[in-house]
Amino acid sequence: MPKDARETGTRWLTSGGLRPTRQRVALAMLLVGDGCNRHVTADSLFAAAKAQDHPVSMATVYNTLRAFCNAGLLREITVDGSKSYFDTNMHDHPHFYWEDEGRLTDVPADQLTIAQLPDAPEGAEIAKIDVVIRLRRK
């Protein structure tokens with residue numbers, strides 16, 4: 001990976017208040033080093049790290065993704081109650097989930113209108129809304 005990917009990854013980590021350890025920087029480079037937004041699973045990030053010869057364990061990938069989410073650097077989108085995708089695009093936006101491919105893609109936020117939300121129960125407030133639109137090929 002180019003040197004600027006390392007710098008981009010390191011800046012991204014420090015913007016979330018995280019110490020840029022070797023393993024965090026390696027994973028951050030894969031996630032944001034090229035400046036593009038992406039959706040990854042723990043498995044796909046682990047495979048990408050392995051392909052780039054970054055020595056990280058699967059446990060490290062899971063723990064690091066959790067740390068990135070807790071720092072506000074990634075957003076977790078859960079599909080089917082068990083499959084988690086991690087999104088580098090932190091702006092509010094809906095997603096397409098391609099069932100046949102197990103792939104998540106962004107939908108421009110201006111293409112979705114939510115006309116009304118239910119009232120939150122007493123003592124609660126709506127924290128966020130995740131919209132996942134499922135697709136399958138015809």
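**A tour from pocket to helices**

The lining of the largest pocket is a mixture, since its residues divide into 6 nonpolar, 1 polar and 4 charged. Please keep in mind, as you follow this tour, that the model in your viewer is a predicted one.

**Stop 1: the largest pocket**

To see this lining for yourself, select Arg 75, Asp 92, His 93, Pro 94, Ala 109, Leu 112, Ile 114, Lys 128, Ile 129, Asp 130 and Val 131, which line the largest pocket. The space that they border has a volume of about 220 Å³.

Now keep Arg 75 and Asp 92 selected and show their side chains, which meet in a salt bridge with a distance of 3.7 Å from N to O. Because Asp 92 lies in the loop between β3 and β4 (95-98), while Arg 75 belongs to strand β2 (residues 75-79), the pair ties together parts that are 17 residues apart in sequence. A search of the whole structure finds 9 salt bridges.

**Stop 2: the second largest pocket**

Next, select Thr 41, Ala 42, Asp 43, Tyr 62, Asn 63, Leu 65, Arg 66, Glu 76, Ser 82, Lys 83, Ser 84 and Phe 86, the residues that line the second largest pocket. If you colour the chain by its elements, you will find that α3 (42-51), α4 and β3 (83-87) are the ones that give two or more residues to this lining. Which element provides the largest share of the lining of the second largest pocket? That share, 4 residues, comes from α4. Colouring by residue class instead shows a lining of 4 nonpolar, 4 polar and 4 charged residues, and the second largest pocket holds about 170 Å³ of space.

**Stop 3: helix α2 against α4**

Two packed helices are described by the angle between their axes and the distance between the axes. Select helix α2 (residues 22-32) together with helix α4 (residues 58-70), and look at how they pack at an angle of about 75°, with their axes 11 Å apart. That angle makes α2 roughly perpendicular to α4. To examine where they touch, show Gln 23, Arg 24, Leu 27, Ala 28 and Leu 31 in α2, which meet Thr 60, Val 61, Thr 64 and Phe 68 in α4. Sorted by class, this contact of α2 with α4 has 5 nonpolar, 3 polar and 1 charged residues.

**Stop 4: helix α2 against α3**

Leave α2 selected and add α3, whose axis comes within 10 Å of the axis of α2 and crosses the α2 axis at roughly 110°. The two helices, α2 and α3, are therefore roughly perpendicular to each other. Here you should show Leu 27, Leu 30 and Leu 31 of α2, along with Leu 45, Ala 48 and Ala 49 of α3, which make the contact. What classes of residue take part in the contact of α2 with α3? This contact has 6 nonpolar residues, with no polar and no charged ones.

**Last stop: the whole chain**

Finally, zoom out to the full protein chain, which has 4 helices and 6 strands. Tracing the chain along its sequence, you will pass through the pattern α-α-β-α-α-β-β-β-β-β. Along its principal axes, the C-alpha trace of the chain spans about 45 × 45 × 25 Å.

Definitions and conventions:
Residues numbered from 1 in each chain as written. Predicted model: local features only at pLDDT ≥ 70, side-chain atom pairs only at ≥ 80, totals over all residues. Heavy atoms only, no water. Axes fitted to C-alpha atoms, helices over the stretch in contact; angles between N-to-C directions. Parallel < 35°, antiparallel > 145°, perpendicular 65-115°, else oblique. Contact = heavy atoms within 4.5 Å. Nonpolar A, V, L, I, M, F, W, Y, C, P; charged D, E, K, R; others polar. 1 Å grid on protein atoms, 1.4 Å probe; cavity = no way out; pocket = protein on both sides within 12 Å on 5 of 7 lines; lining within 4 Å. Points joined across faces, edges and corners; volume = space filled by probe spheres on them. Salt bridge = Lys/Arg side-chain N within 4 Å of Asp/Glu carboxyl O.
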